[in-house]
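Please study the sequence and the structure shown below before attempting the exercises. Each task is followed by a worked solution.

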Amino acid sequence: MLKSPLVSNPFALMMDPAAVVQAMECSDRLGRLQRRICKPLDKPVTARSTADVAAFDHEVDEVEVEVEVDVDVDVDGEVGPAD
């Protein structure tokens, strides 16, 4: 089977997109492919109002967090975790 110049040179496909579309429409192999519609599982995120964001930011800013770190300093000045 002889290949057409478009098939033998893939870069020629970029120069003639109409020929590519025509070849795709006439292709028996592409026509026999199974087709299905895929829908996203996630729902789109709705935009939040600036009032909601401001209320959340205020809540986060009001929370006090205490962090206790226990470290030892050696005689050499090296810092490490407490034993």
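The exercises below concern a predicted model.

**Exercise 1. Overall organisation**

Determine how many helices and strands the protein has, and state the order of its elements.

Solution.
Step 1. The protein contains 5 helices and 2 strands.
Step 2. Read from the N terminus, the order of the elements is α-α-α-α-α-β-β.

**Exercise 2. Surface and burial**

State what percentage of the residues is buried, and describe the accessible surface of the protein.

Solution.
Step 1. A residue is called buried when its relative accessible area is under 20%.
Step 2. Of the 83 residues in the protein, 1% are buried.
Step 3. The accessible surface amounts to about 9000 Å², and carbon and sulfur atoms account for 57% of this surface.

**Exercise 3. A nonpolar patch**

Identify the residues that make the nonpolar surface patch, then locate Val-67 and decide whether Val-67 is buried or exposed.

Solution.
Step 1. The patch is formed by Val-63, Val-65, Val-67, Val-69 and Val-71, and its area is about 510 Å².
Step 2. Val-67 sits in the loop that lies between helix 5 (50-62) and strand 1 (71-73).
Step 3. Val-67 has a relative accessibility of 68%; because exposed means over 50%, Val-67 is classed as exposed.

**Exercise 4. A negative patch**

Identify the residues of the patch of negative charge, name the element that gives the most to it, and classify Asp-74.

Solution.
Step 1. The surface patch of negative charge gathers Asp-57, Asp-61, Glu-62, Glu-64, Glu-66, Glu-68, Asp-70, Asp-72, Asp-74 and Asp-76.
Step 2. The element that gives the most to the negative patch is helix 5, with 3 residues.
Step 3. Asp-74 is located in the loop between strand 1 and strand 2 (79-81).
Step 4. The relative accessibility of Asp-74 is 44%, which lies between the limits of 20% and 50%, and therefore Asp-74 is partly exposed.

**Exercise 5. Cysteines**

How many disulfides does a search of the whole structure find, and are Cys-26 and Cys-38 buried or exposed?

Solution.
Step 1. The search finds 0 disulfides in the whole structure.
Step 2. Cys-26 has a relative accessible area of 58% and is exposed.
Step 3. Cys-38, at 65% relative accessibility, also counts as exposed.

Terms used:
Residues numbered from 1 in each chain as written. Predicted model: local features only at pLDDT ≥ 70, side-chain atom pairs only at ≥ 80, totals over all residues. Heavy atoms only, no water. Patch = residues over 30% accessible without salt bridge, like charges linked within 9 Å, V, L, I, M, F, W, Y side chains within 5 Å. Areas by Shrake-Rupley, 256 points an atom, 1.4 Å probe, with all protein chains shown as cover. Salt bridge = Lys/Arg side-chain N within 4 Å of Asp/Glu carboxyl O. Helix = DSSP H or I, 4+ residues; strand = E, 2+ residues; numbered from the N terminus. Buried < 20%, exposed > 50% of the residue type's maximum accessible area, 1.4 Å probe, protein only. Lys, Arg positive; Asp, Glu negative; His and termini not counted. Charge placed at Lys NZ, Arg CZ, Asp CG, Glu CD. Disulfide = S-S within 2.5 Å.
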